[in-house]
Amino acid sequence: MESIDKKCTPLKREYDECFNKWYSEKFLDGKESNDCTAVFKTYQKCLREALKEQGLTKMIDDARPAIGSVFNDSDN
């Protein structure tokens, strides 16, 4: 699956691969440390920039209270 912006797709694929490997090889064996944090943060940064460029950040922020989301960009 592609990311919301083509420039983020390689990072999405890298994160998906890392997560799937971690989940199947470590998490399911009871090891909870996540080895994918660094690549996730890089992918997340790319997503934030893409959402901002596409003018979607305000719409997402406005929708968060309606869906009960407690997340915001200042949490990172």
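Trainee: Why is aspartate 35 called partly exposed rather than buried or exposed?

Mentor: Its relative accessible area is 44%, and the classes are set by fixed limits (buried under 20%, exposed over 50%, partly exposed in between, with a 1.4 Å probe and protein chains only), so aspartate 35 belongs to the middle class. Keep in mind that this is a predicted model, in which local features need pLDDT of at least 70 and side-chain atom pairs count only at pLDDT 80 or more, whereas totals for chains, interfaces and linings use all residues. Residues are numbered from 1 along each chain as its sequence is written, and side-chain values use heavy atoms, with hydrogens and water left out.

Trainee: How do you know that aspartate 35 and lysine 26 form a salt bridge?

Mentor: The N to O distance between their side chains is 2.3 Å, and a salt bridge is defined as a side-chain nitrogen of Lys or Arg within 4 Å of a carboxyl oxygen of Asp or Glu, so this pair qualifies. Lysine 26, at 30% relative accessibility, also counts as partly exposed. Aspartate 35 lies in the loop between α1 and α2, and, not counting residues up to four places away in sequence, it touches Cys18, Trp22 and Lys26 (contact means heavy atoms within 4.5 Å).

Trainee: What makes cysteine 36 a buried residue?

Mentor: Cysteine 36 has a relative accessible area of 0%, which is under the limit for buried, so the label follows. Cysteine 36 is also in the loop between α1 and α2, and, leaving aside neighbours within four places in sequence, it is in contact with Tyr15, Cys18, Phe19 and Trp22.

Trainee: What makes lysine 12 and aspartate 16 a salt bridge, and where do they lie?

Mentor: Their closest N and O atoms are 2.6 Å apart, which is within the salt-bridge limit, so the pair counts. Both residues lie in helix α1, 4 residues apart, about one turn of the helix (helices are DSSP runs of H or I with at least four residues, numbered from the N terminus). Lysine 12, at 12% relative accessible area, is buried, whereas aspartate 16, at 29%, counts as partly exposed.

Trainee: How do you know that aspartate 62 and lysine 58 are about one helical turn apart?

Mentor: They are 4 residues apart in helix α3 (residues 57-67), and therefore they are separated by about one helical turn. Their side chains meet in a salt bridge at 2.7 Å, N to O. Here aspartate 62 is partly exposed at 49%, while lysine 58 counts as exposed at 59%. A search of the whole structure finds 6 salt bridges.

Trainee: Why is aspartate 5 said to have no salt bridge?

Mentor: The nearest side chain of opposite charge, lysine 7, is 4.6 Å away, which is not within the salt-bridge limit, so no bridge is counted for aspartate 5. The charges are assigned by type, Lys and Arg positive, Asp and Glu negative, with His and the chain ends not counted. Aspartate 5 is nonetheless buried, lies in the segment before α1, and is in contact with Ala50, Glu53 and Gln54 once neighbours within four places in sequence are left aside.

Trainee: Why are Cys8, Leu11, Tyr43, Cys46 and Ala50 called a nonpolar core?

Mentor: A nonpolar core is a set of buried Ala, Val, Leu, Ile, Met, Phe, Trp, Tyr and Cys residues joined through side-chain atoms within 4.5 Å, and these 5 residues make up the largest one. The largest share of this core, 3 residues, comes from helix α2 (residues 37-53). Tyrosine 43, leaving aside neighbours within four places in sequence, is in contact with Ser3, Cys8, Leu11 and Lys12. In soluble globular proteins, nonpolar side chains tend to be buried together.

Trainee: What makes phenylalanine 27 eligible for a surface patch?

Mentor: Patches take residues with over 30% relative accessible area and no salt bridge, joining like charges within 9 Å and nonpolar side chains (Val, Leu, Ile, Met, Phe, Trp, Tyr) within 5 Å. Phenylalanine 27 has 35%, so it passes the area limit. Together with Tyr23 and Leu28 it forms a nonpolar patch with about 290 Å² of accessible area (Shrake-Rupley method, 1.4 Å probe).

Trainee: Why is glycine 68 called exposed?

Mentor: Its relative accessible area is 52%, which is over the limit for exposed, so the label applies. Glycine 68 has its place in the segment after α3.

Key
Helices (H or I, at least four residues) and strands (E, at least two) are DSSP runs, numbered from the N terminus.
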